[in-house]
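Visitor: I am new to this structure and would like a close look at a single part of it, with its surroundings explained step by step. Please take me through it slowly.

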Amino acid sequence: MRRYGKNPDEDDIRVRPNRKGNRPRTNIRPKHEDASEGFVLTVDRGRLHVLVEDRTIIAMKARELGRKGAVVGDRVAVVGDLSGAKDTLARIVRVEERSSVLRRTADDDDPFERVVVANADQLAIVTALADPEPRPRLIDRCLVAAYDAGLEPLLVLTKSDLASPDKLLESYGALGVPHVVTSREELAVGAAAERVRERLTDRVTAFVGHSGVGKTTLVNALVERQRATGHVNAVTGRGRHTTTSALALPLPGDTGWVIDTPGVRSFGLHHVDPSRVILAFPDLVPGTEDCPRACSHDEPDCALDQWVTDGHADPQRLYSLRRLLATRERREGD
């Protein structure tokens, strides 16, 4: 039964008042053209520490962002109280387009991606030569993630006073990955930190590695702010997690950024498209033109075998490519 007849615009229609006194809902969102630019330093239980000009402010994600979150390294637009004073809270209203995204999954069967950092240029893979023993499979997985994200990898080998780096470096020689070897004595006097710092100038570098390899100790030597460090368990040979959240730290003189990330014990690659890994081997890319459709580059009909046989590329490069492609089929401890 119609209550008001055919004309819904009659004057006798009763309109319910808005008792809450708030504005009616709308799909039109403010553009926040006057928002300030910020750089996310760390995320702590839903609160984001953001660098705005020369101040660190505390901010939260605005409702209009929906499920889209911000991570360390993100460039964001911020509104509200930007004074940085105690007990003030700003709002992040926009996350700018990312130039790169480093992701990982808990394991290869987990479809849920975890964004590690955004907008990094370089991935420093830190591994100890002893105490704990190096884990080449984890290094391989980090390399694959770096290539997939478009980051330049850097291999940082620590504790060279306990073991020689020659064997490990030989296995990665064909990849051409730049490397820096450090010892605890050199780190104490600053020589090792200076060599690493030369590789970080004018870059945003994310540091990854499993616990106990000396990653945070190295980061402390590179920057002015100090983070807590731990030790290696003598029974299990594993390190203790001391870094619980990613943190962006500026290099002295504002010459670059270091992002220290929590120690990892696995680096799942469920999210990685194997077809992108070949892009890290530009000398092999032309050889894929005659490959079968959807070729994995590790099968009998792959054209890369003939390409290498004809002398167009080093066989060790093809071996390295296939070793990295196979990392999704193997666990780090294998």
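Guide: Let us begin with Leu157, which counts as buried at 0% relative accessibility, and which lies in strand β9, made up of residues 152-158. The model shown here is a predicted one, and every value that follows is computed from it. From Leu157 one can step across to Val213, a residue 56 positions away along the chain, for the C-alpha atoms of Leu157 and Val213 are separated by 8.8 Å.

A little further along the chain from Val213 comes helix α5, which covers residues 215-222, and because six of its eight residues are buried, this helix is largely enclosed by the rest of the structure. The buried residues of α5 are Lys215, Thr216, Leu218, Val219, Asn220 and Leu222.

Strand β11, residues 204-208, holds Thr205, and Thr205 is buried, with a relative accessible area of 0%. The side chain of Thr205 makes a polar contact with the side chain of Gln122, at 3.0 Å. In the loop between helix α4 (191-198) and β11 lies Asp202, which has a positive phi of about 60 degrees although it is not a glycine. This deserves a remark, since most residues other than glycine have a negative phi. Asp202 counts as exposed, at 66% relative accessibility. Another residue with a positive phi is Asn119, at about 65 degrees, and it is not a glycine either; Asn119 lies in the loop between β7 (114-118) and β8, and it is buried, with a relative accessible area of 3%.

The next stop is the enclosed space inside the model, where the count comes to one cavity of 30 Å³ or more. The largest cavity has a volume of about 40 Å³, and its lining is formed by Ile125, Val126, Thr127, Arg135, Leu138, Ile139, Cys142, Gly209 and His210. The elements that give two or more residues to this lining are strand β8 (122-128) and helix α1 (136-149). Sorted by character, the lining residues of the largest cavity divide into five nonpolar, three polar and one charged. Between β8 and α1 runs a loop in which Pro132 is found, and the peptide bond from Asp131 to Pro132 is cis, with omega near 5 degrees. Here too a general remark helps, as most peptide bonds are trans.

Cys142, one of the residues lining the largest cavity, is buried, with a relative accessible area of 2%. As for disulfides, the count for the structure comes to zero. Cys291 is accordingly in no disulfide, and the nearest cysteine sulfur, that of Cys302, is 3.9 Å away; a disulfide would need the two sulfur atoms to lie within 2.5 Å. Cys291 counts as buried, at 14% relative accessibility.

Helix α1 also leads to the charged pairs. Side chains of opposite charge can pair when their charged atoms come close, and a search of the whole structure finds 18 salt bridges. One of them joins Asp140 and Arg323, with the closest N and O atoms 3.5 Å apart. This pair links distant parts of the chain, as Asp140 is in helix α1 and Arg323 is in helix α8 (residues 315-325), 183 residues apart. Both partners count as buried, Asp140 at 0% relative accessibility and Arg323 at 10%.

Helix α8 takes part in another such link, for Asp305 forms a salt bridge with Arg322, the closest N and O atoms being 3.0 Å apart. Here Asp305 is in helix α7 (residues 304-309) and Arg322 is in helix α8, 17 residues apart, and this pair too is described as linking distant parts of the chain. Asp305 is partly exposed, with a relative accessible area of 32%, whereas Arg322 is buried, with a relative accessible area of 17%.

A further salt bridge is formed by Arg55 and Glu53, whose closest N and O atoms are 3.2 Å apart. Arg55 is partly exposed, with a relative accessible area of 26%, while Glu53 is exposed, with a relative accessible area of 65%. Salt bridges that share partners join Glu53, Asp54 and Arg55 into one network.

Methods. Residues numbered from 1 in each chain as written. Predicted model: local features only at pLDDT ≥ 70, side-chain atom pairs only at ≥ 80, totals over all residues. Heavy atoms only, no water. 1 Å grid on protein atoms, 1.4 Å probe; cavity = no way out; pocket = protein on both sides within 12 Å on 5 of 7 lines; lining within 4 Å. Points joined across faces, edges and corners; volume = space filled by probe spheres on them. Helix = DSSP H or I, 4+ residues; strand = E, 2+ residues; numbered from the N terminus. Nonpolar A, V, L, I, M, F, W, Y, C, P; charged D, E, K, R; others polar. Buried < 20%, exposed > 50% of the residue type's maximum accessible area, 1.4 Å probe, protein only. Salt bridge = Lys/Arg side-chain N within 4 Å of Asp/Glu carboxyl O. Polar contact = N/O pair within 3.5 Å; in protein donor to acceptor, adjacent residues only side chain to side chain.
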